Amino acid sequence: MPKWTHKHLLDLQEMSRDDIALILETAKSFKEVSQREVKKVPALRGKTVALLFAEPSTRTRMSFELAAKRLSADTLSIQAAASSLVKGETLLDTALNIQAMNVDLVVVRHSASGAPQIIANGTQMAVVNAGDGCRSHPTQGLLDIFTMNERIGKLEGIKVAIVGDILHSRVARSNIAGLTRMGAHVVVCGPGTLIPMGIEAMGVQVTTRIAEALKDADVVMALRMQKERQQEAYLPTVSEYVREFCITPDRLRYAKPNAIVMHPGPTNRGVEIAAEVADGPQSVILDQVTNGIAVRMAVLYLLLGRKAKV
Ligand code: CP
């Protein structure tokens with residue numbers, strides 16, 4: 001079994017192939033816990049996990065909270081809008097106050113890229129990045145990779161097409177970092193204005209042609225248009241995006257017949273993904289959500305409690 005050496009989980013770029021394999025293996029054993037009648041193990045009894053969310057979240061916040069609770073950790077949730085951050089307290093001062101309450105690990109979501117790193121540098125707590133700006137969303141990347149491995153049975157050599165607003169997507173960056181590390185072939189596709197310059201350096205194929213991106217793909221991942229991060233007009237209209245890039249049943253036929261369809265959520269049905277595809281037999285969108293708990297249990301356990309008995 002490879003050794004776990006990390007204090008924080010800030011970015012999948014910092015994780016080796018062995019690190020990712022260890023997280024996936026650990027998550028596999030934790031998935032079973034959520035299927036028990038009593039969905040709880042004592043692995044993190046006595047530990048405290050804080051959830052500091054300065055941006056909206058449904059899936060990530062709820063699944064981190066459930067993951068911590070299923071490991072028997074105490075949890076405390078801080079919504080930025082209802083905290084003293086709105087009175088001008090800095091993020092680091094807020095984090096130092098959380099630390100003063102003897103919290104062991106803080107899960108951070110923030111609109112500013114690098115915010116979790118500031119807390120990691122300025123406190124003694126373990127830090128997990130739950131999404132920072134356009135930069136990184138490592139546990140989303142891990143749960144997506146876990147779901148692909150579970151469904152397809154391997155990662156090496158599979159073709160993953162990521163379609164949509166790549167420019168503003170921390171999910172795309174984390175998936176690219178993790179998938180290329182695990183030997184998958186990643187193709188990114190979207191309007192030219194929504195593909196970051198130089199993204200080829202991350203080891204991906206780039207195309208603006210949806211048929212080329214989806215051809216023989218094992219995985220089709222649709223991404224949401226990140227309007228909250230778009231300061232200018234990247235597209236003439238949403239209709240133009242839909243006409244060219246929406247994942248419809250017809251377009252899905254370019255992929256392998258047993259290809260899986262993924263979306264990190266929240267979805268805009270009829271924009272980046274047709275409702276028939278989101279709800280169709282190839283969709284694993286809700287499996288991603290289920291797997292998010294197991295993957296986040298694995299991450300919390302590896303960072304805080306791997307000597308404890310599961
Ligand atoms: N995928 C994801 O990060 O969803 P939330 O914003 O709801 O957490």
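This note covers the ligand site and the enclosed space in a predicted model.

1. Basis. This is a predicted model, where local features need pLDDT of at least 70, side-chain atom pairs count only at pLDDT 80 or more, and totals for chains, interfaces and linings use all residues. Residues are numbered from 1 along each chain as its sequence is written, and side-chain values use heavy atoms, without hydrogens and water.

2. Ligand shell. Ser57, Thr58, Arg59, Thr60, Arg109, His137, Gln140, Pro264 and Gly265 surround the ligand (a heavy atom within 4 Å). The shell has 1 nonpolar, 6 polar and 2 charged residues; Gly counts as polar and Pro as nonpolar. Domain 1 (12–136 + 289–304) and domain 2 (138–284) each supply at least three residues. Those bounds come from an automatic or database domain assignment.

3. Polar pairs. The Ser57 side chain places an N or O atom 2.6 Å from a ligand oxygen. Two backbones face ligand nitrogen: an N or O atom of Pro264 at 2.8 Å, and one of Gly265 at 3.3 Å. The protein buries 91% of the 250 Å² that the ligand exposes when taken alone (Shrake-Rupley method, 1.4 Å probe).

4. Pocket. The ligand sits in the largest pocket. A pocket is an open set of points on a 1 Å grid over the protein atoms alone, with protein on both sides within 12 Å along at least five of seven lines. To sit there, more than half of a molecule's atoms must lie within 2 Å of its grid points.

5. Cavity. The structure holds 1 cavity of 30 Å³ or more (a 1.4 Å probe fits but cannot get out). The largest cavity has a volume of about 50 Å³. Its lining includes Arg59, Gln140 and Pro264 (an atom within 4 Å of a point). Arg59, Gln140 and Pro264 also belong to the ligand shell.

Notes. A polar contact is a pair of N or O atoms within 3.5 Å; within protein, one must be able to donate a hydrogen and the other to accept it, and residues adjacent in sequence count only if both atoms are side-chain atoms. Grid points are joined across faces, edges and corners, and a volume is the space filled by probe spheres set on the points.
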